[in-house]
Amino acid sequence: MGLSIHFVVDPQGWCCVGLIVFIWFYNTFFIPKLILFPHFEEGHVSASAIWVYYLASLFCLISLLRASTADPGKIPESPKIPLTEREYWELCNKCNMMRPKRSHHCSRCRHCVRRMDHHCPWINNCVGEDNHWLFLQLCFYAQLLSAYTLLLDFCQYYYFQPLHTVNGDLFVFKHELALLRTSTFMGIIMFGGMCGLFYTQLTGILTDTTTIEKMSNCCEEMSRPRKPWQQTFSEVFGTRWKILWFIPFRQRQPLRVSYHFANHV
Ligand SMILES: [Zn+2]
Ligand SMILES: [Zn+2]
C-alpha cells in the first residue's frame, strides 16, 4: 500500500476543513507568542511546556492532514473476489458494484467504502477501514491540544504572575484579552465536541460496531460475538504494538484479510 492521496471534491467540506485548520493555526500561533514564550523568558514556565505544546500541535496537524487525504477503503472498479469469500460480498444498489459486507455507499463521495463508519465533513472524507485509526488519533490530539490551550488560557487569566519585560505596543499584547477570549471560546467548543466524539468512537470500537450500524440499529451486527478490546483496537490501528496506536507517522497494515483481498487499492 503506497502513500496515495485521496481527495474529495466538495466545497462545503473544504470550508469545514478550512475552519478546523484556522482554529489550529490561531492557537498554534498566538498561544506560544502570548503566553508560553514570555513566561519562559521570565522563568515562570519550563522549556518542556513549550515542547509539549508544539508536539501536540504537530501530531494534531499530521493526523488531520492524513485522515483527510487518506483512502478510507474505496472499493476498486472491478474487484477480484476470492472464491472462499463470495458469501461475504453483496451488490451495492447505488453504484451496482460488488462490495464486502459491512461496506456502505457514501453519497457525498459517490462510492462504496469498506467498513465505513461515517462521512465526516470536518475532515472532508469518509471514515472507513483504512483511515479510522487516523481519525481516532485526530480526536485524541485535538482533545489534548484544546485541553492544554484551555489550561494555559486559565493560568494566564488567574494564575501566572504579570509580565514585566513584554513590549505593550506589540499587536499580541495590545489585544491580549480579545485574543485570549477567542482562544478560550474555540477551546471550549473543540474540547466539548472532541470529548463527545471520542467517547462514541471508543464505545463503537469496543462493541465492534460502526456509527452507521449503530444508527440503523442493525440487530444482526449488534449480536456479533464480543472480541477482547485489545483485538478490536489492534484491528483498527493495524498493529498490536500499543505505542504505535499513538503515532501518525506510519503506514497501516491490515491485520485481518478476510472480507476483502489483501492487496486492495
Ligand atoms: Zn456503492
Ligand atoms: Zn464519504
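This passage looks at an annotated domain in a predicted model and at the helices that pack within and around it.

The UniProt record, an unreviewed entry, places a feature named "domain: Palmitoyltransferase DHHC" at residues 89–216. Over this stretch the chain is 53% helix and 14% strand, and the C-alpha atoms at its two ends lie 20 Å apart.

A good place to begin is helix α5, which covers residues 176–206 and counts 31 residues. From first C-alpha to last, α5 reaches 44 Å, close to the 45 Å expected at 1.5 Å a residue. Its buried residues are Leu179, Ser183, Met186, Gly187, Met190, Met194, Gln201 and Ile205. It helps to recall that an α-helix has 3.6 residues a turn, so residues three or four places apart point the same way. The partners of the buried residues of α5 are α1 (11–41), α3 (132–158), α4 (171–174) and α8 (229–237). Just after α5 comes Asp208, whose phi is positive, at about 55°.

Helix α3 also has a second partner to consider, namely α2 (residues 47–69). The axes of α2 and α3 are 8 Å apart, and the two helices pack at an angle of about 150°. Angles over 145 degrees count as roughly antiparallel, and α2 and α3 are therefore roughly antiparallel to each other. The crossing of α2 past α3 is left-handed. On the α2 side, the residues that meet α3 include Tyr53, Phe59, Cys60, Leu64 and Arg66. Among the α3 residues that they meet are Leu134, Phe135, Leu138, Tyr141, Leu145 and Tyr148.

Notes. Residues are numbered from 1 along each chain as its sequence is written. Chains are lettered from A and ligands numbered from 1 in the order in which they are written. This is a predicted model: local features need pLDDT of at least 70, side-chain atom pairs count only at pLDDT 80 or more; totals for chains, interfaces and linings use all residues. UniProt positions are given in the numbering used here, feature names are shortened, and annotations may be inferred rather than shown by experiment. Helices (H or I, at least four residues) and strands (E, at least two) are DSSP runs, numbered from the N terminus. The expected span of a helix is 1.5 Å times one less than its number of residues. A residue is buried if 20 or more other C-beta atoms lie within 10 Å of its own, exposed if 12 or fewer, and partly exposed in between; C-beta atoms are placed from the backbone. Two residues are in contact if their C-beta atoms, placed from the backbone, lie within 7 Å. Axes are lines fitted to C-alpha atoms, for helices over the stretch in contact, and angles run from 0 to 180 degrees between N-to-C directions. Angles under 35 degrees count as roughly parallel, over 145 as roughly antiparallel, 65 to 115 as roughly perpendicular and the rest as oblique. A crossing is left-handed if the near helix is turned anticlockwise from the far one by less than a right angle, and right-handed if clockwise.
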